[in-house]
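This report takes up a few selected residues, the packing of the interior, the space left within it, and some unusual backbone geometry. The sequence and the structure come first.

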Amino acid sequence: MGEQIQPVRGMNDVLPEAIGAWQYFESGTRELLTAYGYQEIRVPLVEHTELFQRAIGEHTDVVGKEMYTFIDRGGDSLTLRPEATAGIVRALISNGMLRGQRHKLWCLGPMFRYRQFWQVDVEAVGTPGPDVDAELIAMSARLWRRLGIEGLTLHLNSLGTPESRRLYRARLVEYLKAHESQLDDDSRRRLSGNPLRVLDSKTPQMQELIRGAPLLTEYLDAESRAHFETLCDMLSATGVAYEINPRLVRGLDYYNRTVFEWITAHTGAQNAVCSGGRYDGLIAQLGGDATPAVGFAMGVERLVALLVAAGRTPPAAHPDVYVVVGGPQAATPALALTERLRTERPGVRFELNLGGGNLKAQFRRADRSGATLALIIGEDELARGVVGLKPLRDTSGQSECPIAQLPAGLDAALAAARATAAAV
């Protein structure tokens with residue numbers, strides 16, 4: 001017997017018993033995004049490495065440490081996408097979709113940073129805000145209500161313009177260098193390349209130092225300050241509660257002005273379930289026309305875990321009718337009759353017994369399936385032109401129905417079996 005092949009570390013299976021929670025989250029998200037006018041886009045899993053280096057920033061942790069990068073047969077450096085925004089922007093540029101147009105887009109799929117994880121990515125391109133920022137955040141708040149996810153807190157900040165951020169960065173570096181002996185190893189590394197990320201450190205020894213750092217909000221330009229104040233007013237008007245967090249900086253270089261995170265208290269240090277912000281300079285940075293844009297990404301695994309913990313996931317789907325096949329000569333007629341019923345009664349879920357087995361074994365399978373009714377198609381029944389009908393969730397006996405009177409007879413038997421099971 002050959003040695004078992006295990007999954008790659010960090011690449012996790014989603015098994016059938018868990019998939020219902022994922023489908024519930026995905027369908028609720030898809031319906032809400034469609035109601036807000038967002039259209040689905042699907043971009044490749046693999047892009048040129050340069051795309052992420054230019055978009056995210058070479059000094060970020062994502063590009064510096066977390067990406068899956070390889071050289072293909074043609075000698076090109078390619079990378080499994082660590083996030084979707086850069087790929088969506090690349091798609092808009094390379095397919096000629098800008099030129100003053102506005103787009104509301106979303107995608108769902110796996111991303112890769114150290115491991116595989118799933119995200120929903122939502123982007124509004126071509127609108128300067130702050131109204132679009134407010135609607136985007138209000139939409140995310142509506143999604144939590146729709147899914148029944150409670151206990152999330154919205155953290156909000158403004159990064160200003162690149163120029164105001166440069167002024168702040170210089171002041172922050174001055175402060176951090178004056179306290180360099182107190183920095184942990186990770187913060188020392190970030191100090192030279194991406195000092196704003198020091199503010200995002202979760203290390204306990206860094207918290208007092210971070211609390212004493214200068215605030216980015218003190219360096220905002222007048223236009224960014226007005227943008228942020230209007231955003232806050234709009235969120236208040238729509239009933240979306242928020243906390244202004246002047247230490248919120250986000251980990252990617254392309255953000256400007258609005259940044260936000262939805263935080264849960266239930267997942268430890270990695271507590272952001274939805275993060276985003278405005279990135280007005282990214283499209284021009286990647287070769288397109290200067291175009292304002294804002295978006296966010298949601299971590300599917302974390303949100304599904306919150307759904308499961310809250311008991312908000314739907315029950316597993318069960319067949320309505322389990323088709324029991326009595327004898328090898330009945331297998332072909334049973335298949336044909338079940339396919340006919342699926343056509344004539346598309347709202348009824350049928351599971352056909354496959355692979356044979358005696359009647360006792362088949363009824364055990366029928367019971368385990370969760371079906372309400374067993375439809376028995378046996379050689380003897382077929383010879384008499386009938387099928388058997390047996391409720392599986394009560395003790396009432398088996399009846400027969402002429403094949404010529406199906407599917408009406410099946411409807412009546414199924415309705416009676418459901419009513420009896422509900423009353424038990």
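Leu359 is partly exposed in this predicted model, because its relative accessible area of 42% lies between the limits of 20% for buried and 50% for exposed residues. The residue belongs to helix H13, which covers residues 359-369. Leaving out residues up to four places away in sequence, Leu359 touches Val324, Val325 and Gly326. Its C-alpha atom is 60 Å from that of Val63, a residue 296 places away in sequence.

Thr203, in the loop between helix H7 (185-193) and helix H8, is likewise classed as partly exposed, at 26% relative accessibility. Between the C-alpha atoms of Thr203 and Gly126 there are 38 Å, and the two residues are 77 positions apart along the chain.

Arg81 is located in the loop between strand S4 and helix H4. Is this arginine buried or exposed? Arg81 is buried, with a relative accessible area of 5%, and this value falls under the 20% cut-off. Apart from neighbours within four places in sequence, the contacts of Arg81 are Val43, Pro44, Leu45, Phe52, Gly109, Pro110, Met111 and Phe112. The C-alpha atom of Arg81 is separated by 17 Å from that of His59, 22 residues away along the chain.

Phe52, one of the contacts of Arg81, is also one of the buried residues of helix H2, a group made up of Thr49, Leu51, Phe52, Ala55 and Ile56. These residues lie on the same side of H2 because they cover an arc of only 160 degrees around the axis. The partners against which the buried residues of H2 pack are strand S2 (46-48), helix H3, strand S3 (69-71), strand S4 (77-80), helix H4 and helix H10. After H2 comes Gly57, whose phi is positive, near 115 degrees.

The packing can also be followed through the nonpolar cores. The largest nonpolar core has 47 residues, and among these Ile88 and Leu176 touch the most other members. At least two residues of this core come from each of helix H2 (49-56), helix H3 (61-66), helix H4 (85-94), strand S5 (103-113), strand S6 (115-125), helix H6 (162-178), helix H8 (207-211) and helix H10 (282-285). When residues up to four places away in sequence are not counted, Ile88 touches Ile41, Val43, Leu105, Cys107, Asp121 and Glu123. Val43 thus appears among the contacts of Ile88 and also among those of Arg81. There is a second, separate core of 42 residues, whose members include Ala21, Leu32, Leu154 and Phe260.

Empty space inside the model is the next topic. How many cavities of 30 Å³ or more does a search of the whole structure find? The search finds one, and about 40 Å³ of space lies in the largest cavity. Its lining consists of Thr29, Leu32, Leu33, Met139, Ser140, Leu143, Phe296 and Met298, with helix H1 (16-35), helix H5 (131-147) and strand S11 (293-299) as the elements that give two or more residues to it. By class, six of the lining residues are nonpolar, two are polar and none is charged. Leu32, which is part of this lining, is also a member of the second core.

The remaining features concern the backbone. Most residues other than glycine have a negative phi, and most peptide bonds are trans. The table lists two cis peptide bonds and two residues with positive phi that are not glycine.

| Site | Feature | Angle | Location |
|---|---|---|---|
| Gly129 to Pro130 | cis peptide bond | omega near 10 degrees | Pro130 in the loop between S6 and H5 |
| Leu406 to Pro407 | cis peptide bond | omega near 5 degrees | Pro407 in the loop between strand S16 (399-402) and helix H15 (408-423) |
| Arg99 | positive phi | phi about 50 degrees | loop between H4 and S5 |
| Tyr114 | positive phi | phi near 65 degrees | loop between S5 and S6 |

Arg99 is exposed, with a relative accessible area of 65%, whereas Arg81 is buried at 5%.

Key: Residues numbered from 1 in each chain as written. Predicted model: local features only at pLDDT ≥ 70, side-chain atom pairs only at ≥ 80, totals over all residues. Heavy atoms only, no water. 1 Å grid on protein atoms, 1.4 Å probe; cavity = no way out; pocket = protein on both sides within 12 Å on 5 of 7 lines; lining within 4 Å. Points joined across faces, edges and corners; volume = space filled by probe spheres on them. Helix = DSSP H or I, 4+ residues; strand = E, 2+ residues; numbered from the N terminus. Nonpolar A, V, L, I, M, F, W, Y, C, P; charged D, E, K, R; others polar. Core = buried A, V, L, I, M, F, W, Y, C linked by side-chain atoms within 4.5 Å. Buried < 20%, exposed > 50% of the residue type's maximum accessible area, 1.4 Å probe, protein only. Contact = heavy atoms within 4.5 Å. Arc of directions from axis to C-beta.
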